[in-house]
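I sat down with this one to see how its pieces fit together. My notes are below, in the order I looked things up.

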Amino acid sequence: MPSLTILGSLNTRPFAGDDLQILSLVQGFFRILQLCCLVIPLAANYYFDYSSGRNLTINGIPPWCPAYHDKDVGGYLILTIEDRENTKIERIDNTGIIIILSFFSVFIDLAWAGAVWSAASVGTPTETTTRDGYLRPLLWSKIFIINLFPAILFSYGIYAVDAQRRNNYGCGDEEPIYYPDDSVWFLFYSILIVSYAFELLIWAAVLVNKIVAFLRGPCFFGRSSARDKVHRYEILVGNFLRCLSLCYCFKKGGKNIKNRGELRDAAYALTDYVNNDTKMDIVFSDLYVGLKLLARIQKERRLDAMKHIASIAASFMSEEGDNDEGAEHVMNRESFLKSTLNKCSLRVMHSTRNMRSSVLTIQSKPLSEEYEVIERAILSNDNDNDRRALADGAHFVPHSVHIYHKIGHAVHDHPLCVHNATFAIPIDSLNDDRFYLKSIHGQESTKLIFASFLIGIHATVYAILADEVAKAIVISVRGTLSLEDVVVDLQCLPQELSEVGRKCDFEGSGHYCHSGILSRGKWMYEDIRKRRILHEVFSRGSPYENYDLVIVGHSLGAGCACILATMIRHKYPRLRCFAFEPPGCVYDEALCNFSESFITSFVRHDDIVPRLAPANADALRDEFFELLARVKIPKFKLFRDIRDIVNDDDLSRRNLAVLRATESTPRDTQYYQQLLTFRNERTEKDISNRSTSTKLYIPGKIIHLCDVNGDGSFYIPYWATRCEFNEIILSERMISDHSASPLVDILKNIRLDELYDSTKNHSMKFQNQFELIQDDNSHDQRRVVCFSTRQCGRNFVLSSIVTIAILLSFLVNNGCEFFYREAVVSRNGEKRNDPSTRIGFYGYEPLRCAAEGGCKGNNTVLEGARVCAPFPPAFEADGYMKASRAFSFVTMCLGCVSLVMSWFSTCLEFKVKAWRGLSIILLFTTASQGLVFLIFRTDLCTTSRNPLESTLPISAHCSVSVDGVIAACAGVCWFVAAAGACLMARKVGRTKANSL
């Protein structure tokens with residue numbers, strides 16, 4: 001933040017300069033994947049082809065050609081000289097240039113990524129001057145120099161494959177026996193070439209995007225107006241929703257989104273929210289770290305509030321003997337705790353004056369940034385209204401849940417369900433028992449009278465039910481489920497109700513409602529009126545003429561239920577409405593107060609939807625911008641800090657470590673100047689819109705379900721005010737708390753008659769809450785974060801040693817130069833030196849004639865062919881050779897296990913047992929690596945017989961060659977790694993003992 005300008009209009013948006021650190025990490029992993037695409041085929045080629053001789057050509061003929069097999073291949077690969085005349089053995093090396101350039105490109109890019117990582121870590125998110133000075137030359141070198149390597153590799157890779165195919169794979173006019181394109185290595189080779197093409201396409205796409213942006217800019221079309229930006233946002237959001245509907249194959253709706261004005265309100269609200277004139281240079285990573293950090297700040301404020309309330313609660317409970325003293329203490333407590341505290345800090349109290357429980361809540365003061373603590377009454381079993389409100393909510397909430405899916409599934413194949421759009425029973429069949437919802441558990445006494453499954457911008461799914469247990473006709477309205485519902489949610493601008501009031505006989509002048517919810521309510525009102533459903537159900541002679549009318553809904557359906565209840569209440573005065581987790585912007589304040597007589601809203605703990613109001617969103621935005629300016633550490637350190645689990649008692653210290661005090665915020669940065677301009681423009685807009693803007697709130701009386709333990713095991717219902725939901729709480733459960741299904745069990749399990757004793761127990765438990773938190777979180781609970789452990793430096797060195805050791809062991813396992821064999825052959829009483837050669841576990845280095853004229857006679861000078869060939873068919877490995885191979889394989893297996901464990905030790909805190917286990921594995925690996933030297937006891941290194949001429953005795957002597965030296969080095973590395981793991985186990989054990 002802000003984005004880095006590279007050259008002219010070319011910048012790093014949507015990434016900031018310090019985001020390049022994350023991008024360099026991603027690029028590094030991408031390069032490592034490319035390296036794996038090289039290493040894997042090379043290792044396979046090295047192992048399989050070397051052991052089988054498939055990568056050798058005879059006189060230029062590759063092994064996939066028929067002419068290759070016309071020769072006695074075995075004769076050229078054994079230790080004889082008779083058949084070597086005019087024979088040339090070479091290794092196939094078609095991809096040598098690509099491999100070398102690819103390795104060079106990978107390591108250059110890894111070095112560049114490391115340089116970018118280092119440069120991007122300079123400064124804070126808002127202090128960018130020094131960091132940009134380092135990053136800009138690095139990006140120039142990436143664009144104009146380093147990107148040449150992928151272009152060259154892609155071009156040469158395509159050329160090499162095309163040339164091989166044009167040459168018929170080196171077979172002349174013959175058809176190859178098999179095609180090298182079918183091998184595994186060619187698959188990895190193709191992936192590598194495609195990855196280079198993908199890189200080039202990314203840069204081409206960036207260039208095209210900048211050209212299009214330039215052509216659409218003010219140089220050609222002039223500066224866009226506010227109306228143009230609103231229209232552009234409208235088109236953008238509409239196209240996004242339509243593409244989303246295509247991805248879901250319209251299973252989530254979307255067919256009715258025509259993008260013909262239905263999103264204009266949402267586009268206008270969006271442009272007004274982010275400011276039309278001033279753009280805050282914010283990128284996606286800023287949103288992530290800012291919101292995560294803001295959630296931590298909110299949590300710190302809540303904990304501070306809880307500590308204040310707990311101290312007052314302890315003194316209050318110790319003095320609750322006299323009624324007057326208790327009442328006086330409530331007044332003192334309320335005045336004492338008025339301070340700048342965040343809301344949603346809850347404290348359960350018990351008052352001896354009225355023998356009922358209460359809860360302390362923190363809410364904003366009107367027109368002020370300060371907060372005050374208010375005592376709210378918990379629902380009491382002695383109060384008829386409280387008991388009835390909770391019981392009715394628990395009874396009717398299943399209706400608002402089943403309308404989402406179960407009712408539609410129950411009547412899907414019913415003959416009365418017309419085109420899966422509507423279901424209606426005949427009026428003369430109201431007494432028919434066939435229409436009970438017996439397939440839905442708990443609804444066996446509920447009869448379905450009518451259901452509409454139409455989905456549209458105005459149309460919504462709703463059902464009319466006859467609940468014979470509650471003696472009520474229930475209208476259940478579905479909440480947000482389709483993309484059309486999302487569009488209605490976004491239509492959040494207030495709309496005046498004067499016309500609706502005149503039509504429905506209530507005072508609507510000067511009152512406002514959420515425009516999308518109002519359109520849905522008007523549609524349901526007209527649909528019910530035209531179908532005359534309620535008129536027939538409540539008509540004289542109907543079995544339900546004396547039933548009550550209840551309207552329920554969840555989420556968006558709750559808001560629609562409220563406006564429908566308001567519109568038809570003049571006809572049905574006994575109507576009641578239960579809104580479960582409604583949106584936070586349904587009615588204006590006056591209409592909310594008016595609806596308290598017939599609407600009851602239920603809000604669950606930290607649910608975000610009842611707090612989603614424009615004023616709350618504005619407050620969240622302003623605090624978010626201010627918080628970003630206060631960050632004093634690099635963003636990558638902030639990423640790591642916010643991902644770690646923080647103990648509650650350590651929260652304040654951790655926040656102070658990453659944030660400056662407000663008065664210490666640097667004012668000379670580009671970001672802060674943008675912030676000042678943004679504030680001034682927002683102030684001017686707020687002043688100009690103050691006379692016309694209207695705040696919307698949660699309708700009716702509100703029951704807040706407070707999760708005391710935080711695990712969903714114990715909820716306390718209390719009567720809340722709309723002011724208590726004046727802030728969006730950023731928590732891990734703010735989305736999950738909006739789920740409808742858990743409400744059924746939550747409301748069902750609340751027992752008001754048991755609430756007093758439970759409240760008292762939880763109140764006593766609260767006083768020791770912070771000590772319990774400290775005990776529960778005393779151990780380290782880190783997530784898997786790279787290089788996050790306290791000993792990550794030592795662990796990294798240990799992991800590097802293990803990595804080097806396993807690479808050396810791999811080279812030894814697949815090499816052909818473990819020892820150098822010298823032999824003396826006895827023939828007819830004469831001794832002569834046998835041709836010396838280098839031998840490995842699975843192959844050896846064949847010989848060739850040193851002279852250019854070929855092999856002439858027995859005195860021909862031979863030399864190594866510089867290739868690795870398999871053993872002749874006549875050769876049979878003895879026990880020592882097989883044991884060496886087995887120990888080499890065991891070394892590789894144990895090495896892979898130790899490699900994974902050692903690198904995980906840089907991400908996770910290992911306990912003593914884990915370090916001891918790793919050290920044992922490394923010691924066994926060291927022993928296995930040493931036992932591979934049993935190969936020197938094989939018959940090839942002792943007096944034995946020639947494998948081809950068993951009558952000729954041979955006196956052989958073996959000495960260590962290149963791979964033997966590498967094996968010794970690998971053994972040393974394994975031993976050093978084992979010693980390091982033992983030291984780490986000892987150190988961790990001492991640390992644990994000292995902590996105890």
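**Notebook: the whole chain, then three helix pairs**

I began with contacts across the whole chain: among those with a separation of 6 or more, 72% join residues 24 or more positions apart. I should jot down early that this is a predicted model.

Next I looked up the secondary structure, and the protein chain has 30 helices and 29 strands. I also checked burial: 49% of the 996 residues count as buried. For the surface, I got an accessible area of about 49,000 Å², and carbon and sulfur atoms hold 57% of that.

**Entry: helix 12 and helix 24**

I picked helix 12, residues 384-402, and helix 24, residues 741-749. Their axes are 9 Å apart, and the packing angle is about 160°. Angles over 145 degrees count as roughly antiparallel, so helix 12 and helix 24 are roughly antiparallel to each other. I noted the handedness too: helix 12 passes helix 24 in a left-handed crossing.

Then I listed who touches whom. Helix 12 brings Leu390, Gly393, Ala394, Val397, Pro398 and Val401, while helix 24 brings Ser741, Leu743, Val744, Leu747 and Lys748. Sorted by class, the residues of this contact between helix 12 and helix 24 are eight nonpolar, two polar and one charged.

**Entry: helix 14 and helix 16**

My second pair was helix 14 (residues 483-490) with helix 16 (residues 515-531). I found their axes 6 Å apart, at an angle of about 125°. That angle makes helix 14 oblique to helix 16.

On the helix 14 side I wrote down Glu484, Asp485 and Val488, and on the helix 16 side Gly516, Ile517 and Arg520. The classes in the contact of helix 14 with helix 16 come out as three charged, two nonpolar and one polar.

**Entry: helix 28 and helix 29**

For the third pair I took helix 28 and helix 29, the latter covering residues 912-931. They pack at about 155°, and their axes are 8 Å apart. That makes helix 28 roughly antiparallel to helix 29. Helix 28 passes helix 29 in a left-handed crossing.

The contact list took me a while to copy. From helix 28 it includes Ser884, Phe887, Val890, Thr891 and Leu894, and these residues are part of the group that meets helix 29 residues such as Ala914, Leu918, Ile921 and Leu922. By class, I have 11 nonpolar, eight polar and no charged residues for helix 28 with helix 29.

**Entry: Ser884**

I wanted to zoom in on one residue of helix 28, which spans residues 879-904, and chose Ser884. Is Ser884 buried or exposed? Its relative accessibility is 0%, so Ser884 counts as buried. Which residues does Ser884 touch, not counting those up to four places away in sequence? I found Phe841, Leu931, Val932, Leu934 and Ile935.

**Entry: Asp548**

Last, I looked at a residue in a strand: Asp548 sits in strand 15, residues 548-554. The cut-off for buried is under 20% relative accessible area, and Asp548 has 18%, so Asp548 is buried.

I then looked up its partners, leaving aside neighbours within four places in sequence. Asp548 is in contact with Lys471, Ala472, Ile473, Phe538, Arg574 and Arg576.

Terms used. Residues numbered from 1 in each chain as written. Predicted model: local features only at pLDDT ≥ 70, side-chain atom pairs only at ≥ 80, totals over all residues. Heavy atoms only, no water. Axes fitted to C-alpha atoms, helices over the stretch in contact; angles between N-to-C directions. Helix = DSSP H or I, 4+ residues; strand = E, 2+ residues; numbered from the N terminus. Parallel < 35°, antiparallel > 145°, perpendicular 65-115°, else oblique. Left-handed = near helix turned anticlockwise from the far one by under 90°. Contact = heavy atoms within 4.5 Å. Nonpolar A, V, L, I, M, F, W, Y, C, P; charged D, E, K, R; others polar. Buried < 20%, exposed > 50% of the residue type's maximum accessible area, 1.4 Å probe, protein only. Areas by Shrake-Rupley, 256 points an atom, 1.4 Å probe, with all protein chains shown as cover.
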